[in-house]
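User: I have a model open and want to go through a few of its residues and its ligand. Can we take them one by one?

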Amino acid sequence: MTTPPPGPLSGQSALVTGASSGIGRAIALRLARAGATVWATDVTEEVVEGGPPVAVPLAEISPASRFAPLDVRDHAACAELCQRIATEHGRLDLVVPSAMTPGRGSLAQTTPEDWRRVMSVNVDGVYNVLSGGLARMLSQEPVDEVRGRIVIIGSQHGMVASPGGFSYGVSKAAVLQMMRQIAVEHAHEGIICNAVSPGKILTGKSGPAVAPEMIAYSEARTPLPRLGTPGDVAQAVLFLADPATTFVTGHNLLVDGGWMAG
Ligand SMILES: NC(=O)c1ccc[n+]([C@@H]2O[C@H](COP(=O)([O-])OP(=O)(O)OC[C@H]3O[C@@H](n4cnc5c(N)ncnc54)[C@H](O)[C@@H]3O)[C@@H](O)[C@H]2O)c1
């Protein structure tokens with residue numbers, strides 16, 4: 001197997017979900033540049049914002065890293081992939097659930113089908129990959145007191161309500177509570193669990209979230225004089241994944257340009 005470049009995550013394996021596009025893609029590439037062998041997973045290889053499939057830049061950074069298809073709604077497939085990574089790499093050091101599907105509308109506008117579609121990816125999907133990842137991590141020996149690290153991608157919309165974002169906001173609040181539960185329930189077993197909650201991040205995708213009035217509102221609402229980039233979020237994930245970051249667990253790190261402080 002080709003050795004990844006040296007860095008703070010050298011020798012580590014990392015699983016990232018929703019890694020074909022946007023923030024998940026930036027996280028996968030950032031972790032690979034930090035030396036991790038990354039398994040970038042997604043339900044599709046299509047890139048929402050355009051450009052080559054994530055496997056292309058990933059291979060240039062870290063030839064041992066790879067893309068693997070994974071639908072996070074499939075509990076058995078998540079468990080199997082976590083086991084496969086551990087079998088091939090020796091252990092599973094880091095899991096970053098970033099896959100999501102958007103949901104729009106108030107409670108009154110949310111059908112049972114909309115609700116289930118959003119929850120199946122944004123909540124069940126995070127549970128599925130973390131339950132597979134945790135089972136694997138608990139079976140491996142600690143390194144510097146840590147058996148494994150988890151960084152969940154939340155959102156500021158899991159902390160404050162956004163009008164018309166009922167199912168999405170509830171799903172993001174759920175994963176932030178998942179983070180706290182895991183951090184507390186498994187701390188004594190050497191599991192470190194944190195979250196990164198992005199503010200408004202421009203990923204290059206189109207749609208209602210980047211309509212001109214939404215961008216103008218987000219710019220007016222953000223103290224720093226720009227909106228966020230996927231790289232801003234990826235760097236925060238790396239900070240929480242870095243073995244040099246110690247005694248930090250159960251934390252929700254905002255990457256929002258100061259939005260939630262005001
Ligand atoms: N962009 C923002 O402003 C913003 C703000 C706050 C939080 N976030 C969070 O950041 C993360 C990434 O968001 P993004 O804006 O980059 O979105 P995105 O739409 O660009 O990427 C989401 C990825 O998830 C994948 N996905 C969807 N369903 C899947 C499934 N069933 N199994 C596996 N993969 C699946 C998609 O194919 C896509 O590649 C999400 O968790 C999102 O909630 C984003």
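Analyst: Contact here means heavy atoms within 4.5 Å. Note that this is a predicted model.

User: Where does D242 lie, and which residues is D242 in contact with, leaving aside its neighbours within four places in sequence?

Analyst: D242 sits in the loop between α8 (230-241) and β7 (252-255). Neighbours within four places in sequence are set aside. The contacts that remain are P8, L9 and R149.

User: How far from D242 is the nearest side chain of opposite charge?

Analyst: A salt bridge needs a side-chain nitrogen of Lys or Arg within 4 Å of a carboxyl oxygen of Asp or Glu. D242 is buried but has no salt bridge. The nearest side chain of opposite charge belongs to R149, and its distance is 7.1 Å.

User: Which backbone atoms lie by an oxygen atom of the ligand, and at what distance is that of I201?

Analyst: A backbone N or O atom of G199 is 3.4 Å from an oxygen atom of the ligand. For I201, a backbone N or O atom also lies by an oxygen atom of the ligand, at 2.9 Å.

User: How much of the ligand's accessible area does the protein cover?

Analyst: On its own, the ligand has 840 Å² of accessible area. The share covered by the protein is 90%.

User: Which elements give two or more residues to the shell around the ligand?

Analyst: The ligand has 26 residues around it. Of these, I23, D42, Y168, K172 and K205 come nearest. The elements that give two or more residues to the shell are α1 (22-33) and α6 (166-185).

User: Is M159 buried, partly exposed or exposed?

Analyst: M159 lies in the loop between β5 (148-153) and α6. Leaving aside neighbours within four places in sequence, its contacts are L176, S197, N252, L254 and M260. The relative accessible area of M159 is 37%, and buried would need under 20%, exposed over 50%. So M159 is partly exposed.

User: What is phi of E145 near?

Analyst: Most residues other than glycine have a negative phi. E145 lies in the loop between α5 and β5. Its relative accessible area is 72%, so E145 is exposed. Phi of E145 is positive, near 75°.

User: And F247: what is its phi, about?

Analyst: F247 is in the loop between α8 and β7. With a relative accessible area of 88%, F247 is exposed. F247 is not a glycine, yet its phi is positive, about 65°.

Key
Residues are numbered from 1 along each chain as its sequence is written. This is a predicted model: local features need pLDDT of at least 70, side-chain atom pairs count only at pLDDT 80 or more; totals for chains, interfaces and linings use all residues. Side-chain values use heavy atoms; hydrogens and water are left out. Buried means under 20% relative accessible area, exposed over 50%, partly exposed in between (1.4 Å probe, protein chains only). Lys and Arg count as positive and Asp and Glu as negative; His and the chain ends are not counted. A residue is near a molecule or strand if one of its heavy atoms lies within 4 Å of it. A polar contact is a pair of N or O atoms within 3.5 Å; within protein, one must be able to donate a hydrogen and the other to accept it, and residues adjacent in sequence count only if both atoms are side-chain atoms. Accessible areas come from the Shrake-Rupley method with a 1.4 Å probe; for residues, only the protein chains shown count as cover.
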